[in-house]
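Me: Please pick one part of this model and look at it closely. I would like to know what it packs against and where it sits in the chain.

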Amino acid sequence: REAVVSTSALTGIVYVPENFIEDIKHEVEQKGAAILEEAKQKAAESGVNAESLYVQGEPAHQILNIAKEQHFNLIVVGSRGISGFKEMMLGSVSHKVSQLSPCPVLIV
């Protein structure tokens, strides 16, 4: 079965396979898990025992929620990401985490 999505009168009708969005979500999850596993292996090679979690949602809030639930002593977060106008409008993840965290935050 296929779903029909009307984008506008100017561009016409687009046919999208029924499970298209679910398939994309699954692929993103698989690639995300692979990236996390690679990072975990690199940490292990450096003598760091790391755990990885794949979660969805607003990044700063997810980081803060997990830190609170698991009683973290320190959050380490990168400083790279959006910049300029987008950061001014949206705020950076590292800024939000550092402002709202119940524990110290190290921005690298």
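Reply: Contact is taken here as heavy atoms within 4.5 Å. Helices (H or I, at least four residues) and strands (E, at least two) are DSSP runs, numbered from the N terminus. The model is predicted, so local features need pLDDT of at least 70 and side-chain atom pairs count only at pLDDT 80 or more, while totals for chains, interfaces and linings use all residues. Residues are numbered from 1 along each chain as its sequence is written, and side-chain values use heavy atoms, with hydrogens and water left out.

The part chosen is helix 2, residues 59-69. The protein chain has four helices and four strands, in the order β-β-α-α-β-α-α-β along the sequence. Of its 108 residues, 13% are buried (under 20% relative accessible area with a 1.4 Å probe, protein chains only; exposed is over 50%, partly exposed in between). Among the contacts that join residues at least 6 apart in sequence, 45% link residues at least 24 apart.

Helix 2 has buried residues at A60, L64, I66 and A67. These four lie on the same side of helix 2, because they cover an arc of only 165° around the axis (taken from the directions from the helix axis to the C-beta atoms). The cover over the buried residues of helix 2 includes strand 3 (75-77) and helix 4 (93-100). For A60, leaving aside residues up to four places away in sequence, the contacts are V93, K96 and V97.

The largest nonpolar core (buried Ala, Val, Leu, Ile, Met, Phe, Trp, Tyr and Cys residues joined through side-chain atoms within 4.5 Å) has six members: A60, L64, A67, I75, V97 and C103. Helix 2 is the biggest contributor to this core, supplying three residues. V97, a contact of A60, is also a member of the core. I66 is buried too.

After helix 2 comes H71, which has a positive phi, near 55°.

Taken together, helix 2 has four named buried residues, A60, L64, I66 and A67, set on the same side of the helix. Strand 3 and helix 4 are among the elements that cover those residues, and helix 2 gives the most to the largest nonpolar core.
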